[in-house]
Amino acid sequence: MDALNEILEFLACETPQSWIDHAVKNQDILLIDHAHCEKKAASTAMTLMFRYVDRPDLLHKMSRLAREELIHFEQVLELLQARGIDYCHMDSSGYAGGMRRNIRNHEPARLIDTLIVGAFIEARSCERFAKIVPYLDDVLAKFYRSLLKSEGRHYQDYLWLAREYAGEPIDERIEVFRHAEQLLIESEDDLFRFHSGIPPTIS
């Protein structure tokens, strides 16, 4: 998959094996948080649509993205129900907040940085789907494999929009977030979540 190869080059690090091992042993937490992630992704896309009403390309791509993320949310809910796992509130990891701390607060820099963060979140999602697939049962592996194409496209859409609206090279800003993302992924985390760092030693 070309997009996955591109994503592996885009990210500064791969998911640690300790996260994969923890995910395999805690699939209920993984699925519940995955559902929350899909819902948050749809919400982020909608927020961008309301905030930047004068950006036709953004409106088109974020509208499509929001619809797809909500479909994925519904699909994860079905998986939870089929497995007898209750969907419930769950505290978030510090990943998204840690990334957003680097977003500048003036426009258009705020938009550019937000789109770059979106690209990293989608890229990490895609990378983790690919990493964990070999360890899962057939049903869940098939579902996660089916998400790779759309998540890869979401990453590409976010990055394309960032470059399109910047009007200048954004390599330096990408490096800021690449470094921040690597630290979050490779640092110890208090919680195990879909986007979290090295999991706690106790399951």
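1. Let's start with phenylalanine 73. Its relative accessible area is 14%, so this residue is buried, since the cut-off for buried is under 20%. Keep in mind that this is a predicted model. You'll find phenylalanine 73 in helix 4, which covers residues 56-82.

2. What does phenylalanine 73 pair with, and at what angle? The partner is tyrosine 87: the two ring centres are 5.9 Å apart and the planes sit at 70°, so the pair is edge-to-face. Tyrosine 87 is in the loop between helix 4 and helix 5, 14 residues away from phenylalanine 73 along the chain. With 30% relative accessibility, tyrosine 87 counts as partly exposed, whereas phenylalanine 73 is buried.

3. Now look at helix 4 itself. Does its length add up, and what should the helix span? At 1.5 Å a residue, the 27 residues of helix 4 should span 39 Å, and the C-alpha atoms at its ends are indeed 39 Å apart, which agrees. Right after the helix comes glycine 84, with a positive phi near 70°.

4. Which residues of helix 4 are buried? Phenylalanine 73 is on the list, alongside Leu58, Met62, Leu65, Ala66, Glu68, Glu69, His72, Val76, Leu79 and Leu80. What do these buried residues pack against? They pack against helix 3 (27-51), helix 6 and helix 7. Glu68 also turns up in a network of salt bridges with Arg64 and Arg153.

5. Back to the aromatic rings. How many aromatic pairs does the structure hold? The count is eight. One of them joins phenylalanine 10 and tyrosine 155: the centres of these rings are 5.0 Å apart and the planes are at 55°, so this pair is tilted. Phenylalanine 10 belongs to helix 1 (residues 2-10) and tyrosine 155 to helix 7 (residues 138-166), so the pair links distant parts of the chain, 145 residues apart. Both partners are buried: phenylalanine 10 has 6% relative accessibility, and tyrosine 155 has a relative accessible area of 1%.

6. Phenylalanine 10 has another neighbour to look at. Arginine 178 lies over the face of its ring, 5.4 Å from the ring centre. You can find a similar arrangement at tryptophan 19, where the charged end of arginine 128 sits over the ring, 4.1 Å from the centre. Trp19 is also part of a cluster linked by ring pairs, together with Phe129, Phe143, Tyr144, Phe192 and Phe194.

7. On to the salt bridges. How many are there? The total is ten. One of them is between arginine 83 and aspartate 137, whose closest N and O atoms are 3.0 Å apart. Arginine 83 is in the loop between helix 4 and helix 5, while aspartate 137 is in the loop between helix 6 (109-132) and helix 7, so this bridge ties together parts that are 54 residues apart in sequence. Both ends are partly exposed: arginine 83 has a relative accessible area of 30%, and aspartate 137 is at 33%.

8. Another salt bridge has two ends that are worth comparing. Arginine 104 meets aspartate 113, with the closest N and O atoms 2.9 Å apart. Is each end buried or partly exposed? Arginine 104 is partly exposed, at a relative accessible area of 29%, but aspartate 113 is buried, at 0%.

9. Then there is a bridge within a helix. The side chains of glutamate 127 and arginine 124 meet in a salt bridge at 3.0 Å, N to O. Both residues lie in helix 6, three residues apart, which is about one turn of the helix. Are these charged residues buried or exposed? Glutamate 127 is buried, with a relative accessible area of 1%, and arginine 124 counts as buried too, at 0% relative accessibility.

10. Finally, a look at lysine 25. This residue is found in helix 2 (residues 17-25). Is lysine 25 buried or exposed? Its relative accessible area is 68%, so lysine 25 is exposed, the cut-off being over 50%. The C-alpha atom of lysine 25 is 12 Å from that of arginine 193, even though the two residues are 168 apart along the chain.

Terms used
Residues numbered from 1 in each chain as written. Predicted model: local features only at pLDDT ≥ 70, side-chain atom pairs only at ≥ 80, totals over all residues. Heavy atoms only, no water. Helix = DSSP H or I, 4+ residues; strand = E, 2+ residues; numbered from the N terminus. Buried < 20%, exposed > 50% of the residue type's maximum accessible area, 1.4 Å probe, protein only. Phe/Tyr/Trp six-rings, centres within 6.5 Å; stacked < 30°, edge-to-face > 60°. Lys NZ or Arg CZ within 6 Å of the ring centre and 35° of its normal. Salt bridge = Lys/Arg side-chain N within 4 Å of Asp/Glu carboxyl O. Expected span 1.5 Å × (residues − 1). Contact = heavy atoms within 4.5 Å.
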